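I open this notebook to record what I looked up in the structure. The entries follow the order in which I consulted it.

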Amino acid sequence: MADRIRRIGVLTSGGDAPGMNAAVRAVVRAALAKGIECVGIRRGWQGLINGDFVQLSRASVGHLLSLGGTMLYTARSEEFMTPEGRQKAVSTCKMLGLEGIVAIGGDGTFRGALELSRLGVQVVGIPATIDNDVGCTNYTIGFDSACNTAIECIDKLRDTMQSHERCSVIEVMGRNAGFLALYVGTAVGATAVLVPEHKLNFEEDVIERIRASRLAGYTHFMIVVAEGAGSAMDVGEKIHEALGIKPTVSVIGHIQRGGSPTGRDRETATRMGYYAVQAFVEGRGNSIIATQEGSIVEIPIEKALTMTKHLQMDRYKIMEVMQFGSNHDREF
Ligand code: F6P
């Protein structure tokens, strides 16, 4: 029987996401329920290097479920990418008696976690990023909240575009992936959705779509652009050149990273936080907590970082059928 773990640290790292606080709350409460002390590390991996910590109790996390952002702050750490920086982080763990770290973040966070685990510090990762682009998990905390924020913004835009019979080009986040753009584009009934995973044929994918929409009787048009597929400004200028109409351009930007997490993000974060502590308790550190087909599983960090996931292009076709009745039987 492995020695009982007595104290762990928890940190949030990389771009923040709604639901990170719910995950922190779940880790703290699940740990305390098992008689494990929990220390909050502020400002991500840099905080571990600097020994920037706060003791956490049940009361410390009592107000967190509905709060966006992260009470532990977050940061991206260049120093942690160096062997010297990681050694400093190990020293902090030794000084504070941290037998494990729960790291809440995206794939960059987990690459750091793997390096730290190789120096003897057990780490369990919880996937949290609005991009949903972590290869080992179907879902990352924050994705649903960010999508609903973008959907709310675009629904509002549609009202005024419809009234003025105009074209709107909207840029959403997602880093180098189109998960957020495709989900949002489908949910708002976009005229066209530009994602990095689909090689853009501007004439066919945008101009022809607007013409078909106009011929079908629409007089307003909504174009959703994933930031990884290009800039909304450029798309707007190209539409102006081709059709003579001057689209409005909106970059939703960091608004997508804020706001109170949805119920899905709160509930998923709570389960992931609980299972992260269970992994430590049952002696299975150095893993990533992931969702696979609706269940929560643990995947060894090294394997998790080799896993990839791809945009579901069948969903792209469905979006086209909804808008145009056919997807021109195109191969993707
Ligand atoms: O990874 C989350 C994310 O919001 C991406 O969607 C976006 O490209 C990036 O972070 C922006 O990073 P920063 O907040 O450092 O500008």
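Entry 1, the ligand and its polar contacts. I began with the backbone, where a polar atom of G174 is 3.2 Å from an oxygen atom of the ligand. I note at once that this is a predicted model. I then looked at R175, which has a polar backbone atom 3.5 Å from an oxygen atom of the ligand. For R257 I looked up the side chain instead: one of its polar atoms lies 2.7 Å from a ligand oxygen atom. I also recorded how far the ligand is covered: on its own it has 390 Å² of accessible area, and the protein covers 73% of this.

Entry 2, the shell. Which residues are around the ligand? I listed R76, T129, I130, D131, M173, G174, R175, E227, H254 and R257. Sorted by class, I have five charged, three polar and two nonpolar residues in this shell.

Entry 3, the domains. Why does the ligand lie between domain 1 and domain 2? I found that both domains give residues to the shell, and the ligand therefore lies between them. I noted the bounds as 2-142 + 261-304 for domain 1 and 145-257 for domain 2.

Entry 4, the seven-stranded sheet. I read the strand order of this open sheet as β3-β2-β1-β4-β5-β10-β11, with mixed pairing. At its edges I found β3 (53-56) and β11 (295-300), each of which pairs on one side only. I recorded an average turn of 25 degrees between neighbouring strands of this sheet, direction ignored. Within the sheet I looked up the pair β4 (residues 100-105) and β5 (residues 122-127), which run parallel and are joined by six bridges. As one bridge, I noted that G100 has Q122 in β5 as its partner.

Entry 5, the four-stranded sheet. I read its order as β7-β8-β6-β9; this sheet is also open, and its pairing is parallel. β7 (192-194) and β9 (248-251) are at the edges with a single partner strand each, so one side of each has no neighbour in the sheet. For neighbouring strands here I recorded an average turn of 15 degrees, direction ignored. How many bridges join β6 to β9? I found four between β9 and β6 (residues 167-172), and the two strands run parallel. Among the residues of this pair, I noted E171, whose bridge partner in β9 is V251.

Entry 6, a reminder to myself. Strands of a sheet pair through backbone hydrogen bonds, in either a parallel or an antiparallel manner.

Notes:
Residues numbered from 1 in each chain as written. Predicted model: local features only at pLDDT ≥ 70, side-chain atom pairs only at ≥ 80, totals over all residues. Heavy atoms only, no water. Near = heavy atom within 4 Å. Polar contact = N/O pair within 3.5 Å; in protein donor to acceptor, adjacent residues only side chain to side chain. Areas by Shrake-Rupley, 256 points an atom, 1.4 Å probe, with all protein chains shown as cover. Nonpolar A, V, L, I, M, F, W, Y, C, P; charged D, E, K, R; others polar. Domains from an automatic or database assignment. Pairing = 2+ DSSP bridges. Axes fitted to C-alpha atoms, helices over the stretch in contact; angles between N-to-C directions.
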